[in-house]
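Here are a few exercises to work through with the model open. Try each one yourself before reading the solution.

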Amino acid sequence: MTPEPDGSLVRRSLEGDTSAFGELIRRHQTRVYNLCLRMLGNPEDARDATQDAFVAALRKLSGFRGDAAFSTWLHRVAVNVCYDELRRKRRRPMLHVVSEDEDARPPEPGPAAEDHADAIAGSIDAAAALMKIPEEFRLTLVLADVQDLPYEEIANILDVPVGTVKSRVHRGRLALARVIAPEGSGEPQRPSAPSEDSS
Amino acid sequence: MTHPAEDLLTGYIDGTLGESDRAAADTHLAVCARCTKDVTRAAGARSALRAIPEVPVPEDVAIPSIAEASRRPGAPGWHRWAGAAAAVAAAALVATLVLPKVNGSSDDTNAGAAASAPATRVGVQPDASQVPLEIRTADYSPDALTALAGQTAARLTSRPQGANAPETSGTAAPRVGTAEAAASATACIEMAFREVPGSLVRLIRATFQGAPAYVGFYVESPGGGQATEMLTVRVAAVHGCAPLSFAGVAL
């Protein structure tokens, strides 16, 4: 039997059919959860973000126009939830007194000393390394290489040209490679923040 | 030297370039150590990323949104009585466990004693909103659920149970979940068995054939030609609220 299309389930959900929205969740929850897990880095945050993403999707469902696939739209909602959570974490107050020396450090330091050792030893796996690269690279790599989404769909999710997606993928892969296997002296290079690139 | 654009190198690594672009990239890479190194490192990162495994979704991840959906205007009432036809349709849709009619005899309860259900006595309350969630360590088989349904049916109709009934052998009562957990469990079962009529009388969280599951016991009023009340047993996966089993016994 052909499964009911997502669009039909969306329509039924909007008519108040709870079970239709439940079916949408069943279909997409694994991808959404894994996206959140790789963006946020721990299962608890990922679970909370997944729940938030589906609640947000439910609330915004009437705004889904159907000009993109539901999965694309849902990914966009989940990406926004992840970014909100990352921003919230950055705003969390430090729990220790910041010394002048610490204050002088760059706001987003590279891998800590012990992480250097791990990287040199080749013991940082790819999932952990993802957490050490800029968020925009991380997101693009999760969508492209972990979730294996087509570049066109990623471009729709991120609302950027396909060429920009491919460019970010290349830069992101190099940034990740520098964390996993540092070049030369073994010192991992700090990946540069993404700038707007080809289109 | 002009180096290939980054998006072109991505296509090269992915193997999606057309023949002419690929040939041009090969020509460049043959003479450019920097790009060759980048391509090698980027390809290695790509392989590492593609090896990251997909992780199963944790339990209950869908519950908040389902609970909200059920409160929205226009959502069908989850407790409405939809007639026997809906139960038949649901039973046809799910992996059906057809329970025999259970009359509360000792033979039936002995069947339960052979199953893995723990031995406890549990009160049954008729109000769905107040049914507690029993948290059990049992891994129910279809046979164990058959026995449990019989025992529950017997209790509902005040029939005596056999001496070997596992629920009356005196071990400690099950842990009881919070009211919120009970509400989540109820929402999960009723999402799995939408449109199936009934009033919840008992709620268990355990495993069913190895999968974390909620087990709900519902009394259905006579209708659709039925001569007697039915006790239906609905099993839904904690993980995703998919229906796992559905059965009915006559009360």
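**Exercise 1.** Work out how many bridges join strand 3 of chain B to strand 4 of chain B, and whether the two run parallel or antiparallel.

*Solution.* Keep in mind that this is a predicted model. Start by finding strand 4 of chain B at residues 211–220. Then count its bridges to strand 3 of chain B: there are nine, and the pair is antiparallel. For one concrete pairing, take B:Arg205, whose bridge partner in strand 4 of chain B is B:Tyr214. Last, look at the turn: this hairpin has two residues between its strands, and B:Gln209 adopts a positive phi there, near 50°.

**Exercise 2.** Find out how strand 1 of chain B is joined to strand 3 of chain B, then check how well covered strand 3 of chain B is.

*Solution.* Strand 1 of chain B covers residues 133–140, and five bridges tie it to strand 3 of chain B. This time the strands run parallel. Want a spot to look at? Go to B:Tyr140, which sits opposite B:Phe208 of strand 3. Now for the cover: strand 3 of chain B spans residues 199–208, and eight of its 10 residues are buried, so call it mostly covered, given that buried means 20 or more other C-beta atoms within 10 Å.

**Exercise 3.** Describe the side of chain B that touches chain A: which helices supply it, and what classes of residue does it hold?

*Solution.* First get the totals: 38 residues of chain B contact 39 residues of chain A. Next, sort the chain B side by helix. Helix 1 (6–14), helix 3 (33–50) and helix 4 (63–71) of chain B each put in at least two residues. The top contributor is helix 3 of chain B, with nine. Finally, split that side by class, and you get 21 nonpolar, seven polar and 10 charged residues.

**Exercise 4.** Over in chain A, say where A:Asp148 and A:Asp159 lie, and decide for each: buried or exposed?

*Solution.* Take A:Asp148 to begin with. Its loop links helix 8 (135–146) and helix 9 (151–158) of chain A. Phi is positive here, near 60°, though the residue isn't a glycine. A:Asp148 has 9 C-beta neighbours inside 10 Å and the cut-off for exposed is 12 or fewer, so it counts as exposed.

Now A:Asp159, in the loop between helix 9 and helix 10 (162–180) of chain A. Again you have a non-glycine with a positive phi, about 60°. With 8 other C-beta atoms within 10 Å, A:Asp159 is exposed too.

Terms used: Residues numbered from 1 in each chain as written. Chains lettered and ligands numbered in written order. Predicted model: local features only at pLDDT ≥ 70, side-chain atom pairs only at ≥ 80, totals over all residues. Contact = placed C-beta atoms within 7 Å. Helix = DSSP H or I, 4+ residues; strand = E, 2+ residues; numbered from the N terminus. Nonpolar A, V, L, I, M, F, W, Y, C, P; charged D, E, K, R; others polar. Pairing = 2+ DSSP bridges.
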